[in-house]
Structure formats: C-alpha cells, structure tokens
Amino acid sequence: MTQFSLLTKATFFFGLAVVVMAGIWFDQVPVLNQPHLFVTFQVISLTGIAWGVLISLDWFATRQRSASPAKKIILLLAAILVWRISYFPIMVFAGWVATLGERLTFAMSGIISLPIVIYPIFFITMLLMFAGATFAMGAIIYMQYKKWMIITLPAFVMAAMVSFSKPSDIGWLPDTHVNVSEPLPVAMLPTENPYLPLLGKPEYPLQKKVLLFAAGSIYVFVPHSPWAGTVKGTLEDLFRNNPNGSTSIRIRDHYESYHVAHKFIRS
C-alpha cells in the first residue's frame, strides 16, 4: 500500500483549510473584491496542482520502484500545462457543482431552513479537480492505468481547445482581460440557450464549436435558483452581446457574473 509523504499530506490539509476558510469568507462579504477573487482562484488552483504532483510522485514512483529526475521534470512541466489548459473548464464545472448545492438548499427549504453555501463548495471542487487532473497527467507520463487514457487523453485535448479558442488566448495567464475599473454588467435572468444554436454556423472554427458545445451542454443543467440563475442569465446576456469573444473574454464574463450575482447568496 502506497504511503503518502508528510509533504503530500500537509499540502492537502493546507489546501483544504484555505478553501474552506476562503469560501466561508467569500459567502459572507457583501461585495466581491476582484483582486481577492483572482488571487484566491490562483492559490487554490496552483495548490491543487501541487497536491496532484506530490500524489503522483508518491503513487507512481512507488509502483515503478524508482522515479528518474527526467520524469520528475516532465511531470512538473506537464503540471503547468495542465493548470493552463484546465483552468477555465474546471472553474466552470466547479461553479456548476456549487449551483447544485444552492438548488438542494432551496429544495429543502420547506423542511428545514439552511443558509445558502456557494464558495466553500466551489473552492473545494476546484481543489480536488486540479489535483485529479494532475494525477491523470501523471498516469500518462508514468504509463499507469493505460485503459483510462481513452478518456483522459481526449479530455485534455478538449480542455486545450476550450482554453485556446482563439490565437489571442495564447499566453501564460488565462484571465488577462479582467479590468476592475470597468462598470459591471446588469444582472439578468436566463431566457434560452444561446450557445447550441450557433454550432451549425460555418464561420466558427472547430475549437470555437467545442467551446460552444461545452457551454451549451452545461447551460441545460444550471438551475434557476437565485445565485445560479443570475450567473446563468448574465453570462447569457454577455454572450449575446459578444458571441465571437475568445476564451479569455468568456473568463472575464464569468468573473463579472459572479460579481453581480453575489448579493443573491444571502437573499
């Protein structure tokens, strides 16, 4: 049985403590601060990546009885790539998981009164998904769990296509279009799926269609509860105003939607 190192365990508990405390704090503040949100997202995502690297080194190196320095370097470089290509997909999916928690709270409101919890669920999901994505890359590098590569390899390809839907997306940071000095958009409610009808448009390249398909697919499953519905509707309106935006623009749209929906966490 693989024994995880003290550093791996410490990284996990540090990350878990950070996400829980940060999540509780974010749920309580009346207005989001964009630099705080940006820094928190970076710390959580990179902590998840670091945890995934340490798990991979403990798990796969033990199974192979040795870990060459070259493989360790490759794993570290690959982990940076994993962070970059999975940042936006994981942020979106983690946000969707948080909407399910909100929907469950409202479904139980007739039985018991519970506070709405958004960011603790959001951040915990982010931490675990980044660690899981790095572990999956570690399995590829160390050639373990080969039967799962039929899923993991296409998943990484799709994540890269979503994250780099336009040449302007190429860069070290995924969220370069965030400008805290600009006014926030007006909060909107959802009307209909704006993404899937555009899949048949010939002017959209393949990577853009992958982004549209991913956005349109998750749109269907986002509930219309206060926070989730406001994020969903505001994203829909921002997309209609700029349907040809790059992935970095879509990331900015998500940040802005989180801002305008924040007051509904305590509604």
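## A buried acid in helix 8

Asp253 has a relative accessibility of 3%, so Asp253 counts as buried (under 20% relative accessible area; exposed is over 50% and partly exposed lies in between, with a 1.4 Å probe and protein chains only). This is a predicted model, in which local features need pLDDT of at least 70 and side-chain atom pairs count only at pLDDT 80 or more, while totals for chains, interfaces and linings use all residues. Residues are numbered from 1 along each chain as its sequence is written, and side-chain values use heavy atoms, with hydrogens and water left out.

Asp253 shares helix 8 with Arg250, three residues apart, or about one turn of the helix. (Helices are DSSP runs of H or I with at least four residues, strands are runs of E with at least two, and both are numbered from the N terminus.) The side chains of Arg250 and Asp253 meet in a salt bridge, 2.9 Å from N to O; the term calls for a side-chain nitrogen of Lys or Arg within 4 Å of a carboxyl oxygen of Asp or Glu. Arg250 is buried as well, at 7% relative accessibility. Asp253 also pairs with Arg252, where the closest N and O atoms are 3.7 Å apart. Arg250, Arg252 and Asp253 are thus linked in a network of salt bridges.

Now for the helix around them. Helix 8 is mostly covered, with 14 of its 15 residues buried. Its 15 residues should span 21 Å at 1.5 Å a residue, and the end C-alpha atoms are indeed 21 Å apart (the expected span is 1.5 Å times one less than the number of residues).

## Helix 7 and its cover

Helix 7 covers residues 226–241, and its 16 residues should span 22 Å at 1.5 Å a residue; the end C-alpha atoms lie 23 Å apart, which agrees. Because 12 of the 16 residues are buried, helix 7 is largely enclosed by the rest of the structure. Among the buried ones are Trp227, Gly229, Lys232, Leu235 and Phe239. Their cover includes helix 3 (69–107), helix 4 (119–141), helix 6 (206–219) and helix 8 (247–261).

Helix 7 has a salt bridge too, one of three found in a search of the whole structure. Arg240 pairs with Glu236, with the closest N and O atoms 3.0 Å apart. The two are four residues apart in helix 7, so about one helical turn separates them. Glu236 is buried at 3% relative accessibility, whereas Arg240 is partly exposed, with a relative accessible area of 39%.

## Where helix 3 crosses helix 7

The axes of helix 3 and helix 7 come within 8 Å and cross at roughly 140° (axes are lines fitted to C-alpha atoms, for helices over the stretch in contact, and angles run from 0 to 180 degrees between N-to-C directions). That makes helix 3 oblique to helix 7; angles under 35 degrees count as roughly parallel, over 145 as roughly antiparallel, 65 to 115 as roughly perpendicular and the rest as oblique.

On the helix 3 side, Gly95, Thr99, Glu102 and Phe106 meet Pro226, Trp227 and Ala228 of helix 7, where contact means heavy atoms within 4.5 Å. These residues divide into four nonpolar, two polar and one charged (Ala, Val, Leu, Ile, Met, Phe, Trp, Tyr, Cys and Pro count as nonpolar, Asp, Glu, Lys and Arg as charged, and the others, Gly among them, as polar).

## Two buried threonines

Thr105 sits in helix 3 and counts as buried at 12% relative accessibility. Not counting residues up to four places away in sequence, Thr105 touches Leu114, Pro115 and Ile116.

Thr152 belongs to helix 5, residues 149–163, and is buried with a relative accessible area of 19%. Leaving aside neighbours within four places in sequence, Thr152 is in contact with Ala136 and Ile140.
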